[in-house]
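User: Please take a close look at a single helix of this model and describe how it is placed among its surroundings.

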Amino acid sequence: MRRCAWPLLRAGRALRHGGTPRPPPAASAAAPRPRLAASSSGDGGPRAPDTSLFVPVPLKPAGDAAEEDVGAELSQPLDKGEVLKNLNKFYKRKEIQRLGADNGLDARLFHQAFISFRKYIMESSSVSADLHIILNDICCGAGHVDDLFPFFLRHAKQIFPMLDCMDDLRKISDLRLPPNWYPDARAIQRKIIFHAGPTNSGKTYHAIQRFLSSKSGIYCGPLKLLAHEIFQKSNDANVPCDLVTGEERVYANEDARQAPHIACTIEMCSTNTPYEVAVIDEIQMIRDPARGWAWTRALLGLCAEEIHVCGEAAAIDLVTELMYTTGEEVEVRNYQRLTPLTVLDYALESLDNLQPGDCIVCFSKNDIYSVSRQIEARGLECAVIYGSLPPGTKLEQAKKFNDPDDPCKILVATDAIGMGLNLCIKRIIFNSIVKPTVNEKGEKEIDSITTSQALQIAGRAGRYGSSFKQGEVTTMHRDDLVQLKLILNESVPPVKAAGLHPTPEQIEMFAYHLPDATLSNLIDIFVSLSQVDGLYFVCNIDDFKFLADMIQHIPLNLRSRYVFCTAPLNRKEPFVCTTLLKFARQFSRNEPLTFDWLCRHTKWPLSVPKNIKELVHLEAVHDVFDLYLWLSYRFMDMFPDAVLVRDIQKKLDDIIQVGVCNITKLIRASQSAAAPGTAEAVSEDFPLSRTKRDTRVVLDRHGARSPEALSVAVGERRAKNLKAFRSAARQEDLKSHGRGTLANRLLREGLLTQEMLRQLENEWQDQHRNGRYGFGSKRDGQNSSKETGKKKK
């Protein structure tokens, strides 16, 4: 508050006469003030930021220091009552509000700045001499309230420091020329070859053959499993190849010398090392809202003479446009599927119709549990694969399913089988064609699977080189089959934009200008100010912000804080999030996280799980070990026991494999232990109940049967099922009284889930309340709720 503001008084005085304040001659042509509310133009001009993201910096009232009493000595003590009246007059003047807008203060910021300014003056025992004299003149009638504006603006820039450096912040967050971020790649002329085709077309095989024949190369894949597969194939072919993932580095050479070939997860690729050949797999994931930035970085930044890009044809146009901006041409090689894939004209309808080589695809863990339990009840053995299983367990389950001598001939899996696993599947059976998703607000929704997802999963049937020369696809339920055919017959929409993500260097420059802002707030402001052209988008940063807010209270330097916030973890797992918090706290105290410390926290050694809840916890512990290993490669001195942790992680993988092999026993144990009428929380996923899915979404997309027609059909099926359930329940109550309720026995046998039970209970209550089954429209349900509310009143 010590910077002289007298030259700005002319602006305030000009307002008294109704004129527009004229800037000093030297400043008028030199450097215009940064304007916050810059208009957004179609030619890439700056856009107005979201000022709700600007968090004011707290400013403490001035104390009783001797230097602060100069104003009172030169004039007289201030009458705080008169000061308050004049401050309020100042706030209400339209000329002041317009002048504030000219200096970057929109209505929101102007109001917040004034509240802070008024509080500062009223609560300070003394203010600066120049401000004191101005306030005294105004109270005595010798000055005008407009004379306060320079002091108000000075205060506003102190609590909103971004007002003074908006131009610099815009330059830092300008993301319109990503190719320029990689000068090494721009210094060479690269050859881009796009291998386009569906699943099981051999596109990646041809790219890998070129990779193996090169003097040096790098393979970039989306999964650790894929990187590990290429790592093994290369070394088996006598081509020394290292494995690099976020959690480990495995050297092909015993002396730990870097091999000329590297197989890595795409986030770990180096843009500084020169290669002869680079392979970027699953290029369509460049549109992924969370990880797309990694594909963009690899495509634009890899220093390789040849870049072999593999993926869906839907990404050809975007890749071609991106390479046009770098002055590089794209050669497209199209591939066709090597084995036929047939969509059957009939649905499975019953698990009694299962055949060897069948794979049932579910979209939630609870459906996995229910289906596998029902299969086991029929005397069949099944393998289970879902996303949160460790890679080793997934491979073992795949090996068990693929083994012709193993009695396990059925696979129950989520869409995790879409990539990364070689499976001998004859027929893909969609248990449902709708999938739980989380929208931008973090709310759970149910929507139909996309054409790209359906093709990726369905394409796993009839793999080339397996015992099945032809693949088949169908659904579990008859009414889903029509919709599946429509989805598969649609063309995959083209990939329109590539993801970007702020770099640590950009965030550090932001922090230099805004030292008091939190990391989460820095990211918000960066995205708000960022400018991208039509070929790019800024990736979703919700997970980053979640971790930033979680560890904000822990004292860390900015670079370390950024690394912790980019840690790959599922924020739905409380145990893993809590562990990250403990890691950060221990790190901030400069205390190494030793093997003994980790064992105490995870209660290692652990035993074989006895129920599903224990299995889920073991999966979370495995993720904690992954997190430790990931951090150990970034802070080696603070996470020193990576070798020991990797050893116990392998042992934990074996324990989890035992649990998954006995998953139906765990399900029975969980259901037996659960109290009647209650559900045991076994997963963060929510069960996919066919009675709750929004079929209108699917139908509106594909123009099939009308929503009303399907609503009636679904209602009739619900009524029929409920009627049968009530009839069975009455008979069971008469025949088996004392042996436990029918609901409990159906739960134990895996024929009924807790979600289905709650739905049936709701429908039963609707029937008794309304005298009919509650299968009407949403409006009917709302009217019913209103009537019920009136009765209660």
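Analyst: In helix 23, the residues Val576, Cys577, Thr579, Leu580, Leu581, Phe583, Ala584, Gln586 and Phe587 are buried, where buried means under 20% relative accessible area, exposed over 50% and partly exposed in between, with a 1.4 Å probe and protein chains only. This is a predicted model, in which local features need pLDDT of at least 70 and side-chain atom pairs count only at pLDDT 80 or more, while totals for chains, interfaces and linings use all residues. Residues are numbered from 1 along each chain as its sequence is written, and side-chain values use heavy atoms, with hydrogens and water left out. The buried residues of helix 23 pack against helix 21 (542–550), helix 22 (558–565), helix 24 (595–602) and helix 25 (612–632), contact being defined as heavy atoms within 4.5 Å. Helices (H or I, at least four residues) and strands (E, at least two) are DSSP runs, numbered from the N terminus. Helix 23 itself covers residues 574–588, 15 residues that reach 21 Å from the first C-alpha to the last, close to the 21 Å expected at 1.5 Å a residue; the expected span is 1.5 Å times one less than the number of residues. After helix 23 comes Asn590, which has a positive phi, near 60°.

For a second helix, helix 11 (residues 203–213) has Lys203, Ala207, Ile208 and Phe211 as its buried residues. Seen down the axis of helix 11, these fall within an arc of 120°, so they line one face of the helix, the arc being that of the directions from the helix axis to the C-beta atoms. The face of helix 11 turned away from the buried side carries the exposed residues Tyr205 and Ser213.
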